[in-house]
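Q: Please take a close look at one strand residue and its surroundings. Then follow the chain into the loops and point out any unusual backbone geometry.

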Amino acid sequence: QVQLVESGGGLVQAGDSLRLSCETLGRTFSNYAMGWFRQAPRKERELVAAISRSRGSTYYADSVKGRFTISRDNAKNTVYLQMNSLKPEDTAVYYCAAKLTSSPTYYSTVGSGYNYWGQGTQVTVSS
């Protein structure tokens, strides 16, 4: 039984920063690889960033490399997405997701590779 709760979204101007948080309401957070997806209206859901259980490996979509940073605090059962230099193209609903298995790898670019999902938090970036 796992529940993921995102927070930290909002309306910002281009160039601003936001930090998204995703708390896992359970006792097995450290067992999961975690990812952040986003979905804009009439767009497909895409993987933005992912982090392994041990924090030793991270993945970033090309569109956010150098601007976004994923991190996790297992003691707080929380994964973060620090978003800097935001662009209007980053506007979307952002979802955190948990992946129970690291096989074949700790991340998947396909949503079906994840087992649990948060409710989403809206990020809107104005130009």
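**A strand serine and the loops beyond**

A: S21 lies in strand β3, which covers residues 18–24. The model is predicted. S21 counts as buried, because its relative accessibility is 17% and the cut-off is under 20%.

What surrounds it? Leaving aside residues up to four places away in sequence, S21 touches V5, E6 and S7. W36 is another contact of S21. T78, V79 and Y80 complete the list for S21.

Those last three contacts lead to β8, which spans 78–83. The loop between β7 (68–73) and β8 holds N77. N77 is not a glycine, yet its phi is positive, about 55°. Most non-glycine residues have a negative phi. N77 has a relative accessible area of 22%, so it is partly exposed. The cut-off for buried is under 20%.

Now move to the loop between β8 and β9, where S85 is found. S85 also has a positive phi, near 50°, and is not a glycine. With a relative accessible area of 40%, S85 is partly exposed.

One more loop deserves a look. It runs between β9 (92–99) and β10 (116–117), and P104 is found there. Here the feature is the peptide bond itself. The bond from S103 to P104 is cis, with omega near 5°. Most peptide bonds are trans.

To recap: S21 is buried, N77 has a positive phi, S85 has a positive phi, and the S103 to P104 bond is cis.

How values were computed:
Residues are numbered from 1 along each chain as its sequence is written. This is a predicted model: local features need pLDDT of at least 70, side-chain atom pairs count only at pLDDT 80 or more; totals for chains, interfaces and linings use all residues. Side-chain values use heavy atoms; hydrogens and water are left out. Helices (H or I, at least four residues) and strands (E, at least two) are DSSP runs, numbered from the N terminus. Buried means under 20% relative accessible area, exposed over 50%, partly exposed in between (1.4 Å probe, protein chains only). Contact means heavy atoms within 4.5 Å.
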